[in-house]
Amino acid sequence: YVVEGTIAVGDQPSNIAMSSDGSRAYVVQSDPVGVSVVDTVTNSVATTIPLSGELDGVAVNPAGSRLYVVNRNPSSVIVVDIATETVVTSIPVTARFLIGIAVNPAGTRAYVTSADSLNDIPSDTTVIDIESNTVVTTIAVGLESVGVAVHPSGRRVYVANRRSGTVSVVDAETNAVVATVPLGVFGAAGIAVNPLGTRLYVSNQYADSVSVVDTINNVLVASVGV
């Protein structure tokens with residue numbers, strides 16, 4: 001593995017999302033506040049979409065027509081039309097300290113995590129109907145939820161709970177937690193599902209490890225030191 005190049009974007013780049021065809025990468029940045037659109041063929045910034053607020057997570061719908069950007073202040077999700085590079089709307093969210101976002105494969109729902117878990121009250125993951133740009137419901141998961149990923153089938157949603165050291169498994173039809181997977185360590189943050197949907201990988205900030213979860217049985221099968 002070698003570094004092929006370095007692409008200059010704005011200050012404090014944080015989260016990144018790829019278009020479904022891999023031709024564009026969308027990078028959230030703090031100064032100027034907005035999203036740098038990177039052409040992955042030329043490895044250069046094609047344009048920068050100006051936004052406002054305190055941005056965090058970012059996701060693209062499967063059709064490649066909409067960009068969804070988490071805004072901590074005010075607590076909301078910014079919807080951007082990719083073709084025109086303009087803000088379509090901003091969806092208010094009641095949960096605080098929003099962090100992660102993921103869109104399901106059908107392009108009908110977005111799931112937004114919140115790290116708000118004061119007084120040991122479980123964090124709420126917000127479910128958004130991205131066809132009508134409205135909040136459907138909130139789901140109580142673990143403490144200080146951070147990462148979120150959707151199973152390739154769209155039937156399950158996985159939420160990494162940093163302070164609980166667990167993964168909440170959500171049924172996407174009923175919007176209910178159907179299982180909780182203890183990882184044995186604290187700091188669950190980043191989360192991803194393999195293309196087959198058989199394994200879940202969770203990065204643990206405080207344990208310098210990656211947990212491997214069997215999604216068929218919802219059990220921890222390995223812990224890899226990093």
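Let us begin at A59, whose bridge partner in strand 6 is Y68. The model before you is a predicted one, and every value I quote was computed from it.

A59 lies in strand 5, residues 55-60. Strand 5 pairs with strand 6, residues 66-71, through 4 bridges, and the two run antiparallel. The connection between them is a hairpin with 5 residues between the strands, in which G64 adopts a positive phi near 75 degrees. How many of the residues of strand 5 are buried? The count is 6 of 6, so strand 5 is largely enclosed by the rest of the structure.

A59 also leads us to the largest pocket. This pocket holds about 680 Å³ of space. Its lining comprises 32 residues, and those closest to the centre are A59, I101, A102, V103 and V148. Which strands supply at least two residues each to this lining? They are strand 1, strand 5, strand 9, strand 13 (145-150) and strand 17 (188-193).

Strand 9 brings us to the next topic, an open sheet. The sheet has 4 strands in the order 9-10-11-12, and the pairing is antiparallel. Strand 9, residues 98-103, and strand 12 are the edge strands; each has a single partner strand, so one side of each is left without a neighbour in the sheet. From one strand to the next, the twist averages 25 degrees.

Within that sheet I would draw attention to strand 11, residues 124-129. Strand 11 is mostly covered, with 5 of its 6 residues buried. Towards strand 10, residues 109-114, there are 4 bridges in an antiparallel arrangement. Two of the residue pairs may be named here: A110 is the bridge partner of I128, and Y111 is the bridge partner of V127. As a general point, side chains in a regular strand alternate between the two faces of the sheet.

With strand 12, residues 134-140, strand 11 forms 6 bridges, again in the antiparallel sense. D129 stands opposite T134 of strand 12. These two strands form a hairpin with 4 residues between them, and N133 in the turn has a positive phi of about 55 degrees.

I turn now to two serines, beginning with S19. Where does S19 lie? S19 is located in the loop between strand 1 (16-18) and strand 2 (24-30). Its relative accessibility is 10%, and S19 therefore counts as buried, the cut-off for that class being under 20%. A polar atom of the S19 side chain lies 3.2 Å from the backbone nitrogen of S23. Setting aside neighbours within four places in sequence, S19 makes contact with R24 and Y26.

The second serine is S90, in strand 8, residues 86-92. Is S90 buried, partly exposed or exposed? At 39% relative accessibility, S90 counts as partly exposed, because that class lies between the limits of 20% and 50%. Beyond its neighbours within four places in sequence, S90 is in contact with S76, V77 and I78. With S76 there is also a polar contact of 3.3 Å between the two side chains. Finally, S90 and V33 are separated by 57 residues in sequence and by 16 Å in space, taken from C-alpha to C-alpha.

To close, I return to the starting point: A59, paired with Y68 in strand 6, is among the residues closest to the centre of the largest pocket.

Conventions: Residues numbered from 1 in each chain as written. Predicted model: local features only at pLDDT ≥ 70, side-chain atom pairs only at ≥ 80, totals over all residues. Heavy atoms only, no water. Buried < 20%, exposed > 50% of the residue type's maximum accessible area, 1.4 Å probe, protein only. Contact = heavy atoms within 4.5 Å. Polar contact = N/O pair within 3.5 Å; in protein donor to acceptor, adjacent residues only side chain to side chain. Pairing = 2+ DSSP bridges. Axes fitted to C-alpha atoms, helices over the stretch in contact; angles between N-to-C directions. 1 Å grid on protein atoms, 1.4 Å probe; cavity = no way out; pocket = protein on both sides within 12 Å on 5 of 7 lines; lining within 4 Å. Points joined across faces, edges and corners; volume = space filled by probe spheres on them.
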